[in-house]
Amino acid sequence: MITWATFPFVRYTPALIGGIVAYLYLGEAWPELWPVAVGMAAATMLLIAWAIRQRRPAVTDAAGVVALLAVFLFGAALTQRATESRRADHLFRFDTRIDCYQAVVDEATVVRAATFATTLRVQAVRVDGRWRRATGGVRVSLPRVAGIAQPRYGEVWLIRGHPDPSKPPLNPGEFDYRQYLAYRQVYHQQYIHPDQYRVLRVAPPNVLVYWSMTCAEKLDGVFRQYIKEKREYAIASALVLGIKDDVDGETKLAYSSTGTSHIMAVSGLQVGLLFAALTVLLKLFFARVPGFRLWSALLGLTVIWSYAFVTGLSASVLRATVMFTFLIIGRAWGRQSSIFNTLAVAAFFLLLWNPFLVADVGFQLSFLAVLSIVYIQPRIARWLDVEGYFYARRRPWHLKPVQWAWQGSGWFLDKVWQAVALSLAAQVATFALGLYYFHQFPFSFLFSNLVAVPISSAAVYVGLALLAVKGLVAFPSVWFPSMAGYLDWGPKAVAWLFEWMVWAFNEYIFFISRYFSGWVVREIHVSALQTVLIFGLIGSFLAWLNTRQLSWLRGMALLLLCYAGSRVAEARTVAPTEEFIVYSIPRRSAVGFWQGASAEFVTPDSVPLNETERTYRLLPGIIRRAARRTHYSTGWRGTTVPVRRLADADSAKEALYWRPGPVLLAQWRGLRIGFVSNRIASATQPAPVDVLVLRRNARVKPETLAAVFGTKARVVFDSSCKIWYVARQDSLLRARGFRTWDVTAQGAFRCAPPL
């Protein structure tokens, strides 16, 4: 039986999360909640005080339920107050009337192949010639060209023009980047040209973060100096400092397909390794020093927060540091038995600081993995007594080396089994989220983590040692320049070992990704409801293992029935679907013909879509619809859709000679589709269509289109059309009576064939 009084935050934290989630999904139109939450909290305190005097279980339970409701309401009110878009001076209030604005760089810059991307926090806007105070976040991109410096945290910019609201997903099933930004209080985006902004000064909004980022850049320079191979340098910097700007796409894909992406992010793994090493050293040498529990906790807090500082105080490392801070405090306070309550306290205060963390993938995975490891790993480890088995094989008449061999083998294999149990435990809790967010599950995770995690963990220690050794020799090198060359051999030796270790586990990851590529189940779609049902199934199974009560098995059967029903309902919804789609892919022409679980994609141009365009633009829709058969055609070669060229009259010969023209007609399940990519003559054969796709800035006149295709045709500008072209043609076509659609601004065009 659980004594709930020992675990108060195990109740309060889920209630707080429930209030936050309720507001995120349902609370957009809710009235101001803060006064109600304050009143509810006061009433709850009075009720609890009265219940203490009554000393009756029913009254106490009622007070507890009301307290949970108050925490639930407080979570919703806190999220409402943290939503910047509700403020009276937010960018949304000024729309497009902004002439220019002043903003500060508020985030580390993401370096991409062709652009720099960062987030600005607006300080003021100029509207109608007057400067006004304003708030709001803007996600900006700049071209990565000569003469454009990488944006730095704390730079104050003056930007001409106005930001635009973030765009919703442009293609079916595509990642909702607008929602992702909104959870970070960023509601606008802008592409800034080099002549569109000017750096006014450097005034960081947080001086501590500024110096932290500066320190991280200096330490990254150490890795750049001593690690010569580009791939190893990129992984080393990501492993120790969390800087992933130079990690190439092939490496990211290899780590993702083997379930080891967490290695490249400074988070709980690195902070935990640092904390574990410090704990072992302190217990080994200073366990009998008076006040060990208190001063070791203070030293542990100093070390992990110092590490957080030198790695740039990123969100992931801060989250892990706060978690371990509460664990250290709980241990120093003598509360080791309530680790679940300690984790709940850490999550509670993190959500008080930023309620939108509840939607952060890293936050969810971190806490679920730690909870799973704490609860499940010991239970899995007890399945096998590896060390006891080998210890029992020893015999008194064996020689000492033989006995040591049995004992050493048992110790080593027991550690391997403990690592296997830990990896399995972490996957149990994160399994559903992996399917929901990443649409894949790598069954090779056990092989990859079993070797890569120990090697990378040791590499973290060696990487930190490199930084420490470099720091130790830096000062003597300044005072004695003649000895700098000799002193530098120390960092070089450590760097050689570090680079070799990084190379080793990097090669192992690539080996696993190549030879176990078939062990990854991809293109899995589970909805949010199905994710919750999977969590329910796992929780019910664990509860049954712990209690052996049949009621939990009945609950599992019910949840499994609900899950199967949701999958059947999805299949029935998708099966009869027939749809023609013009996709929104920058500077490209791409269309899709969908029939149930089958899809055919065509790029009318002669250049096929690259892997990135397929992955981010088409694949999400394929996964969501559970498509089993897909076919790609380039330039209509090999397509199963009937197409023909529309003849075009040669005006010089007065329509006496006909030749294939710039119009292509497709007939698909009764839907007539025309594609125009160039000028068409007024004497072109009439061919009424239902949908007319204009490509590559086709030079057409509204009257010609009306004569050839009829005014009932729906005109679609695909992504190969320029903005200026769409703006000019759209008004002309609408004036002529056409209905138009711009996939660049409005998203993919979708049309069902006639019944």
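Start by selecting C100 in this predicted model: the residue is buried, with a relative accessible area of 8%. Next, pick C562, which counts as partly exposed at 39% relative accessibility. While you have cysteines on screen, how many disulfides does the structure hold? The count is zero.

Now move to helix α14, residues 400–438, and highlight D414 within the helix. Here is a charged side chain to pause over: D414 is buried, yet has no salt bridge. The nearest side chain of opposite charge belongs to K415, 5.0 Å away; a salt bridge would need to be within 4 Å. Show the contacts of D414 too, and, leaving aside neighbours within four places in sequence, you will find V386 and E387.

From there, go to the open sheet and colour its five strands in the order β15-β14-β13-β12-β22. The pairing in this sheet is mixed. Look at the edges, where you will find β15 (629–634) and β22 (749–751). Each has a single partner strand, so one side of each is left without a neighbour in the sheet. Neighbouring strands here are turned by 15° against each other on average, ignoring direction.

Zoom in on β12 (residues 578–582) and β13 (residues 591–595), which run antiparallel and are joined by five bridges. To see one pairing up close, select V582 and its bridge partner V591 in β13.

For your last stop, which helix packs on the sheet? Select α20, residues 611–624. This helix touches β13, β14 (598–603) and β15, and its direction makes about 145° with that of β15.

Terms used: Residues are numbered from 1 along each chain as its sequence is written. This is a predicted model: local features need pLDDT of at least 70, side-chain atom pairs count only at pLDDT 80 or more; totals for chains, interfaces and linings use all residues. Side-chain values use heavy atoms; hydrogens and water are left out. Helices (H or I, at least four residues) and strands (E, at least two) are DSSP runs, numbered from the N terminus. Buried means under 20% relative accessible area, exposed over 50%, partly exposed in between (1.4 Å probe, protein chains only). Lys and Arg count as positive and Asp and Glu as negative; His and the chain ends are not counted. Contact means heavy atoms within 4.5 Å. Two strands pair if DSSP finds at least two bridges between them. Axes are lines fitted to C-alpha atoms, for helices over the stretch in contact, and angles run from 0 to 180 degrees between N-to-C directions. A disulfide is a pair of cysteine sulfur atoms within 2.5 Å.
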